[in-house]
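Please work through the exercises below with the sequence and the structure open beside you. Each task is followed by a solution that goes step by step.

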Amino acid sequence: EIVCCNHTLNTEDAIYSELDRLHGENIDMLIVQCGTYSYGSAMMKIIEKFEHTPLLLWGFQEPIIEGFIGLPLNSLCGLNMYGSFLEKVGKPFSYVYGRVDDEKVYKKMRRTIKAVEIKSKLKTMKFCIIGGRVPGFYLSNVDEIRFRHEIGPEIVYYSIASLLMDADHMDEAKVKDEMQAIKGEVDEFTSTDEMLEKTARIYLAIKSFAQNNGIDAYAIKCWPEFQALYNCSVCGVVSRLNNEGIMTSCEGDISGLATMVIQEMITG
């Protein structure tokens, strides 16, 4: 949804009034067009009111007017000045520089909007760690508070003990149906029915936990407990979940999972 004032603002009072209105709209991103050389005070007001709102500046290339030796717009100077202000106060921003009919402008703008959309979605997501990280993989861990503050998702836990108990108590009819579904997804099946049943049970337990707890993605401690306690591996489960759009990382890698989720949202 685009919220726009639909006219040029060329006085400080008009700019401030419009910024007040936009602030009340609770916008997700602010695009500022620098039509000409602009009021420095306006950017300071933007920084004050939209401190945590993603910002994109748009400067226009100078038109060529025959017989006119000056700068008809001087938009680049306004863009440059605003960028300097933002750099000095440490507020991140993006910018585009080009005509209103320049496709390159809109290509970068769409990419920026997509990034803002992804950041917003991450703030609402819930990642689940099954079992923790595998032995020695120190970089799979994150500082949970910093991760939630800077990246967005909440982290919850699902123990391997609970998962295996849920797998063992899974409805038998559902397990049989899932085994048939798995066989139907491949050209050739070389595993045993015992392994297939365990895969189906673990898969169903993880899917059930996701539905009951609002889980968007998983990081799973794929060894050594599954092999030692359940005599199976979970690679097939991980593959199926990813194939269905439920991003699942190996070895309890939560930061790797965040990258996978971002890539999936970008590419589908």
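The exercises that follow deal with a sheet, the nonpolar cores and the pockets.

This is a predicted model, in which local features need pLDDT of at least 70 and side-chain atom pairs count only at pLDDT 80 or more, while totals for chains, interfaces and linings use all residues. Residues are numbered from 1 along each chain as its sequence is written, and side-chain values use heavy atoms, with hydrogens and water left out.

**Exercise 1. The sheet**

Task: work out in which order the four strands of the open sheet lie, and which strands are at its edges.

Solution. Begin with the terms: strands (E, at least two residues) and helices (H or I, at least four residues) are DSSP runs numbered from the N terminus, and two strands pair if DSSP finds at least two bridges between them. The order across the open sheet is S5-S4-S6-S7, with parallel pairing. The edge strands, each pairing on one side only, are S5 and S7 (248–249).

Next, follow the bridges through the sheet. S4 is joined to S6 by four bridges, and the two run parallel; here Cys 128 stands opposite Tyr 218 in S6, and Ile 130 has Ile 220 in S6 as its bridge partner. S6 in turn pairs with S7 in the parallel sense over two bridges, and the partner of Tyr 218 in S7 is Thr 248.

Finally, look at the side chains of S6, where Ala 217 and Ala 219 point one way and Tyr 218 and Ile 220 the other, all of them buried (buried means under 20% relative accessible area, exposed over 50%, and partly exposed in between, with a 1.4 Å probe and protein chains only).

**Exercise 2. The nonpolar cores**

Task: find which residues have the most contacts inside the largest nonpolar core, and which helix gives the largest share of this core.

Solution. A nonpolar core is a set of buried Ala, Val, Leu, Ile, Met, Phe, Trp, Tyr and Cys residues joined through side-chain atoms within 4.5 Å. The largest one has 33 residues, and Ile 130, Ile 202, Ile 206 and Tyr 218 have the most contacts inside it. Among the elements that each supply at least two residues of this core are S4 (126–130), S6 (217–220) and H8 (193–213), and H8 gives the largest share, nine residues.

Now take one residue: leaving aside residues up to four places away in sequence, Ile 206 touches Ile 130, Leu 163, Tyr 218, Ile 220, Val 237 and Leu 241 (contact means heavy atoms within 4.5 Å). Apart from this core lies another, of 18 residues, including Leu 19, Ala 42, Leu 79 and Leu 86.

**Exercise 3. The pockets**

Task: describe the space and the lining of the largest pocket and of the second largest pocket.

Solution. On a 1 Å grid over the protein atoms alone, a pocket is an open set of points where a 1.4 Å probe fits, with protein on both sides within 12 Å along at least five of seven lines, and lining residues have an atom within 4 Å of a point. The largest pocket holds about 1,400 Å³ of space and is lined by 41 residues, with Val 3, Leu 30, Ile 31, Val 32 and Gln 33 nearest its centre. H4 (103–122) gives the most to this lining, seven residues.

The second largest pocket holds about 940 Å³, and its lining has 30 residues, of which His 52, Thr 53, Pro 54, Lys 91 and Lys 119 lie nearest the centre. In the second largest pocket, too, the largest share of the lining comes from H4, with seven residues.

Conventions. Points joined across faces, edges and corners; volume = space filled by probe spheres on them.
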